[in-house]
Amino acid sequence: MRVYAVGDIHGEIDILRNLHRQMEADQAAHRNRIQQEIYLGDMVDRGPDSAAVLSTLIERRRARGAICLSGNHEDMMLEAHRGLAAFIHWIALGGLPAVLSYLPELAPVVGELEVRELWDRWRRAIPEAHLTFLHSLSVTHVCGDYLFVHAGVRPGVPVEAQSRHDCLWIRHDFLRSEETFSHVVVHGHTPVPVPELRANRIGIDTGAVFTGRLTCLVLDGSEQTLLST
């Protein structure tokens, strides 16, 4: 199997399409391998077109069996759909560009709208297929010697006992750990200038929304290579 793990996209559809062209060229060169795409969450928010990113990944899952994991931003987006207070919290943490990707006509006047009106209009605009997709996301995926997760894992806790909150939000306790986990943990969530390939974890969030650099880790047997925009 040849695995393609993609870091945090954050609504950057043009950058994602650039990376997909690289991935597809590599896939064409390795047609003899079973191929699996894995997206590590934080597909939405901050960047300009979360709606297009979700539509693209829904199609990748349909056509290619892509595995899409939830990040903390997908979790916040679902909570925002459920309640106004969560919506206010979400838009303060990068959700507003995602809202406007569904309502581009409101961009010039969004500052004049009452927040409840914006919430109501966004809830009417988001396709049911996007909500169904968000509800369907897992938080971990195991393949061979690797565990794929958005943020990381709690040291000292077995994979099957990890909390959803830690998988989506953990940072320092995981990043500082030198523990040999049951699997090499492939994760995003914490932006780094260049991918971190360590013995116990591999961090591939290279801050696409800030740097234009979206990273794909390619795993094939013991080989680890990188594709990047």
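This report describes strands, a bent helix, two cysteines and two unusual backbone angles in a predicted model.

Residues are numbered from 1 along each chain as its sequence is written. Because the model is predicted, local features need pLDDT of at least 70, side-chain atom pairs count only at pLDDT 80 or more, totals for chains, interfaces and linings use all residues, and side-chain values use heavy atoms, with hydrogens and water left out.

**Strand β1 and its partners**

Helices (H or I, at least four residues) and strands (E, at least two) are DSSP runs, numbered from the N terminus. Buried means under 20% relative accessible area, exposed over 50%, and partly exposed in between (1.4 Å probe, protein chains only).

Strand β1 covers residues 2-6. Of its 5 residues, 5 are buried, so β1 is largely enclosed by the rest of the structure. R2, Y4 and V6 point one way, while V3 and A5 point the other way.

Two strands pair if DSSP finds at least two bridges between them. Strand β1 runs parallel to β2, joined by 5 bridges. It runs antiparallel to β9 (residues 215-220), again with 5 bridges. Y4 takes part on both sides: its bridge partner in β2 is E37, and V218 stands opposite Y4 in β9.

Helix α1 (residues 13-29) links into this picture. With β1 and β2, α1 makes a right-handed β-α-β unit. Right-handed means that, with the strands pointing away from the viewer, the path from the first strand over the helix to the second runs clockwise.

**A second sheet**

An open sheet of 5 strands has the order β4-β5-β6-β8-β7, with mixed pairing. β4 (140-143) and β7 (196-197) stand at the edges, each with a single partner strand, so one side of each lacks a neighbour in the sheet. Strands β6 (residues 184-187) and β8 (residues 201-203) pair in the parallel sense over 3 bridges. There, H187 stands opposite G203 in β8.

**The bent helix α4**

Helix α4 (residues 84-102) has 19 residues. Its end C-alpha atoms are only 17 Å apart, short of the 27 Å that a straight helix would reach at 1.5 Å a residue. That expected span is 1.5 Å times one less than the number of residues. A kink of about 100° lies at G94, shortly before the proline P97. The bend is the angle between axes fitted to the seven residues ending at a residue and the seven starting there.

Among the buried residues of α4 are F87, W90, G94 and Y102. The buried residues of α4 pack against α2 (50-64), α3 (72-82), α5 (115-125) and α6 (128-136). Contact here means heavy atoms within 4.5 Å.

**Cysteines without a bond**

How many disulfides does the structure hold? It holds 0. A disulfide is a pair of cysteine sulfur atoms within 2.5 Å. The sulfur of C68 is 13 Å from the closest cysteine sulfur, in C216, so the two are too far for a bond. C68 is buried at 4% relative accessibility. C216 is buried too, with a relative accessible area of 0%.

**Positive phi angles**

Two residues other than glycine have a positive phi. The table gives the place and burial of each.

| Residue | Phi | Loop | Relative accessibility |
|---|---|---|---|
| D42 | near 55° | between β2 (35-39) and α2 | 2%, buried |
| H189 | near 80° | between β6 and β7 | 6%, buried |
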